[in-house]
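Work through the following exercises with the coordinates open, and attempt each task before reading its solution.

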Amino acid sequence: MDVDTGLSSFFAATVVGLLLSVVIEGLMRPRLPLMRPWPAWALHAGLWLLAHALLTLVLGRPWFAAVAVMAFLLMLVLVNNAKFKALREPFVFQDYEYFTDAIRHPRLYIPFLGWRKFIAAASIFIVVVAIGFWGEDAPAERFAWPGQIADIVTAGVGGALLMLWASRKKLTVGFDPLADVQRLGLLASLWRYAQEKRVTPTIASPFSTVAAKAPSTSLPNLVAVQSESFFDARTLYTGIRPQVLAEFDRLRANAIGHGKLKVPAWGANTVRTEFAFLSGIGDDLMGAHRFNPYRAIAGGWAPQSLASFLKRLGYRTICIHPYPASFYLRDRVYPRLGFDEFIDIRAFNHADRFGPYIGDAAVAEKVAAILQEAISPVFIFAITMENHGPLHLERVAPKDIDALYSVAPPEGCDDLTVYLRHLRNGDAMVASLRATLERCDRPAALCWFGDHVPILPAVYQQFGAPEGDVEYVFWSNQKAGAVTGRNLSAENLSSEWLRAAGVMD
């Protein structure tokens with residue numbers, strides 16, 4: 001390939017690729033409007049030009065480089081569409097960890113994209129690479145000057161200048177992903193969220209201003225359970241047997257506090273609710289870090305938390321999560337939040353599983369063992385895993401229908417049946433923990449709450465999707481009462497629990 005041919009090929013690939021990038025973005029769901037601020041289009045064009053120029057420099061094949069950049073953009077669009085279908089939220093920059101997590105924990109992510117789509121995308125990638133390397137020759141003089149290198153650099157610099165100009169305009173974002181991506185487009189919103197991620201949070205936790213009481217032998221043991229995907233599914237379909245949550249109903253009848261809990265997550269993103277509960281900080285104050293607060297903590301931010309506050313009171317603080325400790329960087333985050341010990345999946349064995357994950361019963365047994373050995377007040381925060389999706393990968397047994405329903409559900413509700421099977425085990429965990437705390441010599445208080453509603457798209461299509469609120473309950477082995485339900489937000493839950501338990505004024 002001579003230099004002139006290389007130049008015309010590069011410019012043609014650049015123009016065609018840039019135009020097709022707009023077409024590919026048009027495949028987004030929900031569909032994106034073309035009317036956007038000019039700086040948003042400048043960011044889109046700048047990112048494309050820079051990516052194409054850099055890849056052409058590396059590969060020496062402008063058309064292959066253009067197809068590779070388009071393939072990456074198409075992958076982002078497909079991931080966005082799968083995420084929006086399951087979670088009602090577009091893809092944001094902070095989701096970049098999905099790609100590495102999908103490799104380390106494929107069962108948690110790839111099924112939501114769909115195995116067929118995943119295999120098709122992988123096959124297309126392999127074909128594109130093969131065609132690119134064997135179907136397009138690299139120009140022999142691509143590093144000649146003047147020559148193609150000069151024009152590639154010019155395009156790259158032009159893209160960088162467009163991005164610099166657009167960045168100086170500082171497009172505003174409100175951290176409502178759907179509104180931001182609709183207003184700015186996918187690439188521009190990703191860029192702006194990436195910029196905002198670099199701003200370290202400065203929000204102070206309410207626990208930083210609460211004065212610690214002197215240690216006391218009367219301090220109660222405290223057990224908080226963030227139950228995976230827990231909510232009262234009986235509100236979806238009247239044919240679900242009330243007994244599915246009989247123990248939860250019993251606990252709520254003797255509660256010192258209960259109600260609906262507004263959580264900052266829908267269908268997934270457990271750490272958002274988790275962080276709000278532990279820190280007392282609302283997601284509306286977190287800016288770009290609201291999507292994954294633990295990334296900021298792992299990077300050096302160390303807000304005060306429920307655990308650090310209780311540690312000052314004299315508590316031993318323990319977290320139990322039956323999954324690898326490195327997931328969501330918890331192994332780095334929890335020491336910063338004031339936990340003395342983090343018990344992960346290594347403390348369990350295969351016999352502890354119910355379905356694909358460690359069962360709730362095994363977590364309840366671990367809590368009981370810790371309390372039995374405790375000689376001083378202990379705070380245990382258990383994050384369950386049993387009811388984690390994808391639920392559609394599990395199979396319904398014939399006996400499940402009779403056990404879980406008074407009236408069999410319509411066709412297409414297998415995911416709901418699988419969910420209820422695990423929810424019933426969560427209810428059994430409530431009974432187990434209550435019995436454990438009733439046997440405690442020391443006063444003890446329980447906080448039970450869900451992190452988000454489950455992902456059940458086919459079920460919600462039939463019965464209607466829930467708003468996203470979940471249930472919470474406070475219970476004590478020292479007092480009981482039929483209290484009136486009170487709705488809370490996740491960031492207020494821990495402080496309200498401590499007040500109900502008599503630990504905080």
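**Exercise 1: two helix pairs**

The crossing of helix 8 and helix 9 is right-handed, a label given when the near helix is turned clockwise from the far one by less than a right angle, anticlockwise being left-handed. This is a predicted model, in which local features need pLDDT of at least 70 and side-chain atom pairs count only at pLDDT 80 or more, while totals for chains, interfaces and linings use all residues. Residues are numbered from 1 along each chain as its sequence is written, and side-chain values use heavy atoms, with hydrogens and water left out.

Task: determine at what angle the axes of helix 8 and helix 9 cross, and which residues make the contact.

Solution. Begin with the general description: two packed helices are described by the angle between their axes and the distance between the axes. Helices here are DSSP runs of H or I with at least four residues, strands are runs of E with at least two, and both are numbered from the N terminus. Axes are lines fitted to C-alpha atoms, for helices over the stretch in contact, and angles run from 0 to 180 degrees between N-to-C directions.

- Step 1: the axes of helix 8 (residues 177-184) and helix 9 (residues 186-197) cross at roughly 125° and come within 7 Å.
- Step 2: that angle makes helix 8 oblique to helix 9, given that angles under 35 degrees count as roughly parallel, over 145 as roughly antiparallel, 65 to 115 as roughly perpendicular and the rest as oblique.
- Step 3: P177, D180, V181 and L184 of helix 8 make the contact with L186, A188, S189, R192 and Y193 of helix 9, where contact means heavy atoms within 4.5 Å.
- Step 4: these contact residues divide into six nonpolar, one polar and two charged, where Ala, Val, Leu, Ile, Met, Phe, Trp, Tyr, Cys and Pro count as nonpolar, Asp, Glu, Lys and Arg as charged, and the others, Gly among them, as polar.

Task: repeat the analysis for helix 15 and helix 17, asking at what angle their axes cross.

Solution. The axes of helix 15 (residues 360-373) and helix 17 (residues 414-438) come within 8 Å and cross at roughly 15°, which makes helix 15 roughly parallel to helix 17. Helix 15 contributes D360, V363, A364, V367, A368 and L371 to the contact, and helix 17 contributes H422, N425, G426, M429, S432, L433, T436 and L437. By class, the residues of this contact divide into eight nonpolar, five polar and one charged. The crossing of helix 15 past helix 17 is right-handed.

**Exercise 2: two threonines**

Task: establish whether T270 is buried or exposed, and which side chain its own side chain meets in a polar contact.

Solution. T270 lies in helix 11 (residues 270-279), and with a relative accessible area of 8% it is buried, a class that means under 20% relative accessible area, with exposed over 50% and partly exposed in between (1.4 Å probe, protein chains only). Its side chain makes a polar contact with the side chain of D451 at 2.9 Å; such a contact is a pair of N or O atoms within 3.5 Å, of which, within protein, one must be able to donate a hydrogen and the other to accept it, and residues adjacent in sequence count only if both atoms are side-chain atoms. For the surrounding helix 11, ten of its ten residues are buried.

Task: find which backbone atom the side chain of T384 reaches.

Solution. T384 is placed in the loop between strand 7 (378-383) and helix 16 (398-404), and is buried at a relative accessible area of 2%. The side chain of T384 reaches the backbone nitrogen of E228 at 2.8 Å. Residues up to four places away in sequence aside, T384 touches V225, Q226, S227, E228, H321, D360 and M429.

**Exercise 3: backbone exceptions**

Task: identify which residues are joined to P30 and P390 by cis peptide bonds.

Solution. Most residues other than glycine have a negative phi, and most peptide bonds are trans. A cis peptide bond joins R29 and P30, with omega about -5°, and another joins G389 and P390, with omega about 5°. P30 lies in the loop between helix 1 (3-25) and helix 2 (38-59), whereas P390 is in the loop between strand 7 and helix 16.
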